[in-house]
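Here is a briefing on charged side-chain pairs and on one pocket, written for a reader who is meeting this structure for the first time.

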Amino acid sequence: SKAEKLAGVKAVVCRDDFPEMPSEVIPAGEMLMNYRDVTRNVMAREKVLYEGHPVAAVAATSEAIAKQALKLIEVKYEVLPHVIDVLDAMKPDAPVLHADMFTQGVVPAGKSPSPADKTFAIDGTKASNIAKRLEIGHGDIDAGFAKADLVVERIFNTQPVHQGYIEPHACIATATEDGNVDVYVSTQGHFIVRAHCARLLGLDISKVKVTAAEIGGGFGGKT
């Protein structure tokens with residue numbers, strides 16, 4: 001409310017300004033995504049999931065006023081049990097991030113693990129941080145190791161990587177009183193952007209026009 005009263009502030013938005021999306025998996029360029037998850041990534045809903053997860057946004061007549069308004073917004077956080085290591089997150093007693101996520105690929109699906117399954121003892125009946133189990137194999141592994149002249153076992157930890165295009169993700173949007181929206185955005189998939197924006201904001205897709213700016217690279221990361 002303090003930010004809204006500041007001169008030059010046009011709007012302050014939070015999670016309540018975005019319609020709740022059902023759990024629906026749809027194609028998005030080279031991957032699949034769930035609209036329910038996307039809504040919660042745009043703006044934190046039940047809980048903040050990572051550092052930098054947005055909880056509010058401000059539109060103002062200048063960058064200086066916008067920054068001043070952000071400082072007026074008061075946020076109280078309750079620190080929840082958390083994990084920041086992937087191996088810790090996979091442990092049976094780890095805090096569960098998503099109460100509605102159950103491990104896919106557990107055999108038998110939706111049932112408790114087999115006593116013989118010592119490697120991945122995943123209970124398919126309980127919510128888990130493990131989204132999916134995928135096993136790919138060929139031949140007799142034990143026989144191959146037995147015949148090998150040398151067996152080397154090591155553990156490798158890598159960091160997340162992302163495509164290296166020149167320009168950042170950025171967009172400018174204008175909305176008129178008759179409900180038409182123009183979006184100018186750095187993207188390699190403007191029809192995908194149009195469909196997602198319309199759906200997430202509850203707009204008719206015919207009311208949204210997306211103009212793609214030139215990009216210095218995409219590689220799938222700018223869809």
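In what follows, a residue is called buried when its relative accessible area is under 20%, exposed when it is over 50%, and partly exposed in between, with a 1.4 Å probe and protein chains only. This is a predicted model, in which local features need pLDDT of at least 70 and side-chain atom pairs count only at pLDDT 80 or more, while totals for chains, interfaces and linings use all residues. Residues are numbered from 1 along each chain as its sequence is written, and side-chain values use heavy atoms, with hydrogens and water left out.

**Salt bridges**

- Side chains of opposite charge can pair when their charged atoms come close.
- With a salt bridge taken as a side-chain nitrogen of Lys or Arg within 4 Å of a carboxyl oxygen of Asp or Glu, the count for this model comes to eleven.
- Asp-100 and Arg-36 form one such bridge, at 2.9 Å from N to O; because Asp-100 lies in the loop between helix H4 (86-89) and helix H5 (141-147) and Arg-36 lies in helix H2 (residues 35-42), the pair ties together parts that are 64 residues apart in sequence.
- Helices here are DSSP runs of H or I with at least four residues, strands are runs of E with at least two, and both are numbered from the N terminus.
- Arg-15 is bridged to Asp-16, with 3.7 Å between the closest N and O atoms.
- Lys-67 and Glu-63 are paired at 3.4 Å between their closest N and O atoms, and both belong to helix H3 (residues 63-72), where they are four residues apart, about one turn of the helix.
- Glu-20, Arg-40, Arg-45 and Glu-46 are joined into one network by salt bridges that share partners.

**Exposure of the paired residues**

- Arg-15 is partly exposed at 38% relative accessible area, whereas its partner Asp-16 is exposed at 63%.
- Lys-67 is partly exposed at 48%, whereas Glu-63 is exposed at 59%.
- Asp-100 is partly exposed, with a relative accessibility of 42%.

**The second largest pocket**

- A pocket is an open set of points on a 1 Å grid over the protein atoms alone, where a 1.4 Å probe fits, with protein on both sides within 12 Å along at least five of seven lines; its lining residues have an atom within 4 Å of a point.
- The second largest pocket holds about 1,300 Å³ of space, and of its 44 lining residues the closest to the centre are Lys-47, Val-48, Leu-49, Tyr-50 and His-53.

Notes. Grid points are joined across faces, edges and corners, and a volume is the space filled by probe spheres set on the points.
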